[in-house]
Amino acid sequence: MRGIAYDRFGGVDVLRLRDDLPEPPVGPDTVLVRTRAAGVNPVDIGIREGNLAGNFGHHFPIVPGWDLAGVVEAVGPAVVDFAPGDEVFGYLRRDDVQWGTAAELVPAPQRCLAHKPESLSFTEAGGVPLAGLTAYQALTEALAVGEGDRLLVHRAAGGVGFFAVQIAVALGAHVIGTASPRNHGFLAEAGCAEVLDYSAGTISGQLSEPVDAVLDLNGGDTLADAPEQVRDVSRIASVVDPSVNGMGGRYVFVRPERHDLEELARMADAGQLRVAVARAFPLEQTAQAHELVAGGHVRGKVVVTL
């Protein structure tokens with residue numbers, strides 16, 4: 001099987017294009033997917049560098065990637081919701097790290113998949129799952145954002161932030177985003193009612209009044225300032241810094257959830273959620289995709305296509 005893999009932790013130089021990878025196992029409740037697109041996320045860089053070795057079991061060779069869009073090739077005997085030929089997308093996080101999505105064939109637990117939105121291409125759909133689920137779960141569960149809430153989204157032009165803006169608008173919120181000036185128009189088009197320049201001083205000092213909820217996608221000084229930005233610290237959520245729990249807020253670590261994927265698909269097909277693909281790389285340029293994501297300041301999503 002053809003795919004990207006690495007045999008040790010390290011920089012982009014450990015990534016190798018291989019055509020001798022073993023075909024993956026198909027368990028009773030597993031869906032074998034022929035990959036058409038695999039999103040690249042910051043966590044992929046962290047895993048490759050060994051930063052999550054204490055959180056998950058790792059088994060070399062490792063195929064990177066947790067985001068997927070493709071076509072069902074085969075299904076295990078206990079699978080009832082998917083059939084060969086179905087177009088699917090999903091967030092394939094397992095309890096260990098080995099069978100990632102940057103390969104021709106990927107074994108996907110059926111709980112990790114949903115049918116692909118009809119309105120999205122495979123490239124677009126491949127960029128949705130991890131970032132889209134992170135935004136959706138943070139907003140609907142940790143922050144319970146609803147009609148009329150004033151929500152502050154930090155780093156709003158990034159992968160998670162751009163989805164969060166659109167989902168919050170669909171939920172009826174008044175959204176304030178933070179971004180560099182070059183991204184202000186981009187966010188206004190996505191539905192941001194206000195956009196603040198994160199380089200122009202503390203955000204709490206730029207707000208006319210505290211907001212109802214804060215989604216932190218930055219950590220550091222941004223998170224430290226969050227209690228001054230919000231009316232109630234229990235409505236601060238961070239996806240990057242667990243220390244938010246000590247403030248009385250919520251740390252969010254995204255999980256696979258078919259219902260939530262289906263809701264993202266519904267929103268996409270209803271015109272409420274669009275995908276900004278910053279750049280799509282062919283599989284053999286996966287290292288360049290990792291470098292782009294690692295550099296930060298990407299507007300939207302980076303995807304590898306097969």
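Helices here are DSSP runs of H or I with at least four residues, strands are runs of E with at least two, and both are numbered from the N terminus. The model is predicted.

**Exercise 1. Locate the annotated domain and describe its secondary structure content.**

Step 1. The UniProt record, an unreviewed entry, lists "domain: Enoyl reductase (ER)" at residues 10–304.

Step 2. Over residues 10–304, helix accounts for 28% of the chain and strand for 25%. The C-alpha atoms at the two ends of this stretch are 20 Å apart.

**Exercise 2. State which residues of the largest nonpolar core touch the most other members, and follow one of them outward.**

Step 1. The core holds 79 residues, and those with the most contacts to other members are Leu139, Ile167, Leu187 and Leu215.

Step 2. Helix α3 (residues 129–142) provides the largest share of this core, eight residues.

Step 3. Take Leu139 and set aside neighbours within four places in sequence: its contacts are then Ala144, Val145, Leu151, Ala164, Ile167, Ala168, Leu171 and Leu215. Two residues on the list from Step 1, Ile167 and Leu215, are thus among the contacts of Leu139.

Step 4. As background, nonpolar side chains in soluble globular proteins tend to be buried together.

**Exercise 3. Find the backbone features that depart from the usual geometry.**

Step 1. The reference point is that most residues other than glycine have a negative phi, and most peptide bonds are trans.

Step 2. The peptide bond from Phe60 to Pro61 is cis, with omega near -5°. Pro61 sits in the loop between β4 (57–58) and β5 (67–75).

Step 3. Ala144, a residue other than glycine, has a positive phi near 45°. Its place is the loop between α3 and β10 (150–153). Ala144 has already appeared as a contact of Leu139.

Step 4. His297 is not a glycine either, and its phi is positive at about 65°. His297 belongs to the loop between α10 and β17.

Step 5. Exposed means over 50% relative accessible area. His297 is classed as exposed because its relative accessibility is 60%.

**Exercise 4. Two loop residues, Leu120 and Ala193: buried, partly exposed or exposed?**

Step 1. The cut-offs are under 20% relative accessible area for buried and over 50% for exposed, with partly exposed in between.

Step 2. Leu120 lies in the loop between β9 (113–115) and α2 (122–126). Its relative accessible area is 9%, so Leu120 is buried.

Step 3. Beyond four places in sequence, Leu120 touches Ala125, Val128, Ala268 and Val275. Leu120 and Asp269 are 149 residues apart in sequence, yet their C-alpha atoms are 7.8 Å apart.

Step 4. Ala193 is in the loop between α5 (184–190) and β12 (194–197). Its relative accessibility is 46%, so Ala193 counts as partly exposed.

Step 5. Ala193 touches His174 and Val175, again leaving out residues up to four places away in sequence. Ala193 and Glu118 are 75 residues apart along the chain, and 29 Å separates their C-alpha atoms.

**Exercise 5. State how many cavities of 30 Å³ or more the structure holds, and describe their linings.**

Step 1. There are two such cavities.

Step 2. The largest contains about 80 Å³ of space. Of its 14 lining residues, Val63, Gly65, Trp66, Val97 and Gly100 lie nearest the centre. Two or more residues of this lining come from each of α1 (42–48) and β7 (96–97).

Step 3. By class, the lining of the largest cavity has eight nonpolar, three polar and three charged residues.

Step 4. The second largest cavity has a volume of about 60 Å³. Its lining includes Ala38, Gly39, Val40, Asp44 and Gly65. Gly65 is therefore found in the linings of both cavities.

Step 5. β3 (30–40) and α10 (286–294) each give at least two residues to the second lining, and β3 gives the most, three. The classes here are five nonpolar, five polar and one charged.

**Exercise 6. Describe the largest pocket and the elements around it.**

Step 1. The volume of the largest pocket is about 1,200 Å³.

Step 2. The pocket is lined by 49 residues, with Pro42, Arg155, Val160, Leu217 and Val240 closest to its centre.

Step 3. Elements that supply two or more lining residues include α1, α3, α4 (159–170) and β17 (301–305). The largest share, four residues, comes from α7.

Step 4. The lining divides into 25 nonpolar, 18 polar and six charged residues.

Key
Residues are numbered from 1 along each chain as its sequence is written. This is a predicted model: local features need pLDDT of at least 70, side-chain atom pairs count only at pLDDT 80 or more; totals for chains, interfaces and linings use all residues. Side-chain values use heavy atoms; hydrogens and water are left out. UniProt positions are given in the numbering used here, feature names are shortened, and annotations may be inferred rather than shown by experiment. A nonpolar core is a set of buried Ala, Val, Leu, Ile, Met, Phe, Trp, Tyr and Cys residues joined through side-chain atoms within 4.5 Å. Buried means under 20% relative accessible area, exposed over 50%, partly exposed in between (1.4 Å probe, protein chains only). Contact means heavy atoms within 4.5 Å. On a 1 Å grid over the protein atoms alone, a cavity is a set of points where a 1.4 Å probe fits but cannot get out, and a pocket is an open set with protein on both sides within 12 Å along at least five of seven lines; lining residues have an atom within 4 Å of a point. Grid points are joined across faces, edges and corners, and a volume is the space filled by probe spheres set on the points. Ala, Val, Leu, Ile, Met, Phe, Trp, Tyr, Cys and Pro count as nonpolar, Asp, Glu, Lys and Arg as charged, and the others, Gly among them, as polar.
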